[in-house]
Amino acid sequence: MSPISNRLIVRTGPNPGMVFDLTKEITSLGRDVANDIVLGDPEVSRQHARITRTPGGYVVEDMGSTNGTFVNGERLTAPRVLRDSDLVGLSEKVTLSFEAVVPGTDETVVSQAEEPERYPPTVREPMPVPPESKPSPPPGMATPSPRPVTPTPKPAAATPSPVQPVAPPTPIQQPVVEEEPRKRSPWLMAGCGCLVIIAVLVAVLWYMDANHPDILYAPLRLLGF
């Protein structure tokens, strides 16, 4: 069995941390289950890209995908030879790291993101802190005893006096003065009647003088005026 020389590790996308060994001459990548490396993300095309093993190294090329294939953030327009630790992007959401295996050993050159899982940090227990000691008084001096603290009585809260309701002021009623009907003077009515009669007589005399002067002055001629 030929030793493993290279592999792909999922960094972002479905199943981060999954490792795919590149053991075939041609490895296909895509969303379809018929691919060698299946990545179930809607941004990945069914037949997205492929990696071919050549004498000069592994070559990645795009298979006419919708969202493109990238190497270290640069979109591919032609096949490209992969180098150790290159990031292969299938669209902008799924990225895989191209890692090389050291010849003759089973150790793989991994990124720093996996090292904490292989070598977990050592947890150190906190050292106990000794209790704080109080200085002892010099010999010959008595230790002063604490004075009792007398609590200060709190003043009693003043009881608020009940507020008596204030009656609203009584409205002042004004006396109603009934107006007496005015009495019309009989003399005033008689004077008005005389004025009306005189005005009618003047109007009749003026009409007779203007239109029938013979009839108007006939009685005066009979009297000899």
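This short talk covers one sheet and the cysteines of the structure above.

The model is predicted, so to speak of local features we need pLDDT of at least 70, and side-chain atom pairs count only at pLDDT 80 or more, while totals for chains, interfaces and linings use all residues. Residues are numbered from 1 along each chain as its sequence is written, and side-chain values use heavy atoms, with hydrogens and water left out.

First, the sheet. Strands here are DSSP runs of E with at least two residues, numbered from the N terminus, and two strands pair if DSSP finds at least two bridges between them. Five strands make an open sheet in the order 4-3-5-6-9, with mixed pairing. Strand 4 (37–38) and strand 9 (80–81) are at the edges with a single partner strand each, so one side of each has no neighbour in the sheet.

Now strand 5, residues 49–54. With strand 3, residues 26–30, strand 5 pairs in the antiparallel sense over four bridges. Leu29 stands opposite Ala49, and Ile26 has Thr52 as its bridge partner. Strand 5 also pairs with strand 6, residues 57–62, antiparallel over six bridges. There, Ile51 is opposite Val60. Two residues lie between strands 5 and 6, which form a hairpin.

Next, the cysteines. How many disulfides does a search of the whole structure find? Zero, where a disulfide is a pair of cysteine sulfur atoms within 2.5 Å. The sulfur of Cys192 has its closest cysteine sulfur in Cys194, at 9.3 Å, which is too far for a bond. Cys192 is partly exposed, at 43% relative accessible area, and Cys194 is partly exposed, at 44%. Partly exposed lies between buried, under 20%, and exposed, over 50%, using a 1.4 Å probe and protein chains only.
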